[in-house]
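Visitor: I would like to take a close look at one part of this structure, and I would be glad of a patient explanation that goes step by step.

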Amino acid sequence: MKEIGHWINGKLVKGTSGRTADVFNPATGEVQARVALASKAELDGAVADAARAQVAWGATNPQKRGRVMMEMVRLINRDMDKLAAALSAEHGKTFPDAKGDVQRGLEVIEYCIGAAQMLKGEFTDSAGPGIDMYSMRQPLGVAAGITPFNFPAMIPLWKMGPALSAGNAFILKPSERDPSVPLMLAELFKEAGLPDGVLQVVNGDKDAVDAILDNETVQAIGFVGSTPIAQYIYSRGCANGKRVQCFGGAKNHMIIMPDADLDQAADALVGAGYGAAGERCMAISVAVPVGEATANELVKRLVPRIEKLKVGPWTAGNDVDYGPVVTAAAKANILRLVESGVAAGAKLVVDGRDFKLQGYEDGFFVGPHLFDHVTADMEIYRKEIFGPVLSVVRSNTYEEALKLAMDHEYGNGTAIFTRDGDTARDFANRVNVGMIGINVPIPVPLAYHTFGGWKKSSFGDLNQHGPDAFRFYTRTKTITSRWPSGIKEGSAFNFKAMD
Ligand code: NAD
């Protein structure tokens, strides 16, 4: 059985805790590897070594650190297919989708090549008589990232790029479900010129996470995952005096106005609802058509599109639309929620419960489901299902549809499909959600903008990537300086204007 360890001080090392977790092939249900689960002692050791390595890295000029990112871009492109194949094999997503996962991470590394621009600070000449004032952004020291299973390349890269290019050492605790790609990325960082110890990848579960939360050297934690764990990490990390940003779950609504191009909306919904088996924090899981006629026409267009979806293993090639979900437990949870929808009276228009794939009977495949007549009190509406299940909630008016999105506890992404600019603008301005698409179903911002939700989809006040990432992974120091020749006065006992 393949053993997956950690990346410590520039080398792959075995775990010493004696604890491991199974890594499955989601397409067959077989255990394909065992990943080491780090103990507190292993995590603390990795942090101590990282803190030593950070001193020289933090003092390296930012343009040189940017060059490591530039080389990393070349290496990721060189190994794109290898990374995507490893990713599909553990996650289950299709090969083109796995490449997209690597690509969207790579774009943040491209952005980080210009880190020097983000770090150069501010300067005021002659802020007072002979006085100059300047602010600089300094690295925090050791920062940590805790990442989910669903984007095992993109989200680690979103964290590693800004943290490292800002001069920090970084501890990554990836998901134990698909740990291979983060280790491959760490090897590439070494090849790109990153000094040993500056990036440590420590595999593990709650024990490793708790060790990060309680380690006094770790200055900041960036988390992405489900909301209950986000809340836990945010509160315990903050209580321990750390800078913490946590991105949580989602329930993304798409409002479909009567004037929308319904074929375009239906195509968009099928891609956004079922792509990656619905295991995306920006997946659309709720469609809100406005008006009965819109709802009827939309459902009429959705059903044949959904029935045509090809579900299969990533090895079956490019015409597979989506693959298995990540674990048997994830599959069981999705099917339990489907049953709860049926029991609550929602109409299961496309029923994927009996889906079986010949030759892959033990794989974690879930057929596509479409619910109509879902109401806001139902569990399938309130909870994040994180599977190939789309719910249609019919609304009578635009205001009613807007209120649904506003009242939901999650606020990651949302979209509106309409031909009316006024309605689109009103929606974008009023809705209390972090990322909005106008005739765009999955509005994931590009690397130089920032990514983050509102409400229970995000805890902390800065977003991921873009300029916010550099604010998060640095702290500001402001210096007021006067050289002796400029000093013309004696002691001052009161605040006064510098004039
Ligand atoms: P998860 O919360 O189960 O795990 C995330 C991380 O937390 C993993 O590294 C895991 O090892 C760790 N963890 C799990 N249980 C823990 C515990 N009890 N104590 C401490 N640490 C623990 O999430 P997941 O299933 O890997 O990922 C799916 C979730 O992530 C979904 O809710 C999805 O919406 C969310 N997500 C959000 C975003 C975003 O940007 N908002 C992006 C991607 C995924």
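Visitor: Is Phe-170 buried or exposed? Please start from there and then lead me through the surroundings.

Guide: Please keep in mind throughout that this is a predicted model. Phe-170 counts as buried, because its relative accessibility is 0%, and buried means under 20%.

A search of the whole structure finds ten aromatic pairs. One of them is stacked: Phe-123 and Tyr-134, whose rings lie 6.0 Å apart from centre to centre, with 20 degrees between the planes. This pair links distant parts of the chain, since Phe-123 belongs to strand E6 (residues 122–128) and Tyr-134 to strand E7 (residues 131–139), eleven residues apart. Phe-123 counts as exposed, because its relative accessibility is 53%, while Tyr-134, at 30%, counts as partly exposed.

Your residue takes part in an aromatic pair as well: Phe-170 and Tyr-473 meet edge-to-face, with 6.3 Å from centre to centre and 85 degrees between the planes. Phe-170 lies in strand E9 (residues 169–173), whereas Tyr-473 lies in the loop between helix H16 (466–472) and strand E23 (474–482), so the pair ties together parts that are 303 residues apart in sequence. Tyr-473 is buried too, with a relative accessible area of 1%. Phe-170 and Tyr-473 also belong, together with Phe-472, to one aromatic cluster.

Let us now return to the two strands that carry the stacked pair. Strands E6 and E7 run antiparallel and are joined by four bridges, and among the residues that face each other in this way are Thr-124 and its bridge partner in E7, Met-133. The hairpin of E6 and E7 has two residues between the strands, and Gly-130 takes a positive phi there, near 70 degrees.

Met-133 deserves a pause of its own. With a relative accessible area of 27%, Met-133 is partly exposed. If we leave aside the neighbours within four places in sequence, the contacts of Met-133 include Glu-122, Phe-123, Thr-124 and Ala-127, and also Thr-478, Ile-479, Thr-480 and Met-498. Phe-123, the exposed member of the stacked pair, is therefore one of the residues that Met-133 touches.

Another ring has a charge for a partner: the charged end of Lys-93 sits over the ring of Phe-151, at 4.0 Å from the centre of that ring.

For a last stop, consider a sheet and the helices beside it. Three strands form an open sheet in the order E1-E5-E4, and their pairing is mixed. Strand E1 (2–4) and strand E4 (20–25) stand at the edges with a single partner strand each, so one side of each is left without a neighbour in the sheet. On average, neighbouring strands of this sheet are turned by 35 degrees against each other, direction ignored. E4 and strand E5 (residues 30–36) run antiparallel and are joined by six bridges, and Asp-22 has Arg-34 in E5 as its bridge partner.

Helix H3 (residues 80–91) lies across E1, E4 and E5, and runs at about 100 degrees to E4. H3 also packs with helix H4 (residues 95–112) at an angle of about 120 degrees, their axes being 8 Å apart, and the crossing of H3 and H4 is right-handed. Among the residues that make this contact are Leu-83, Ala-84 and Leu-87 of H3, and Phe-95, Val-102 and Leu-106 of H4.

Notes
Residues numbered from 1 in each chain as written. Predicted model: local features only at pLDDT ≥ 70, side-chain atom pairs only at ≥ 80, totals over all residues. Heavy atoms only, no water. Phe/Tyr/Trp six-rings, centres within 6.5 Å; stacked < 30°, edge-to-face > 60°. Buried < 20%, exposed > 50% of the residue type's maximum accessible area, 1.4 Å probe, protein only. Lys NZ or Arg CZ within 6 Å of the ring centre and 35° of its normal. Pairing = 2+ DSSP bridges. Axes fitted to C-alpha atoms, helices over the stretch in contact; angles between N-to-C directions. Contact = heavy atoms within 4.5 Å. Left-handed = near helix turned anticlockwise from the far one by under 90°.
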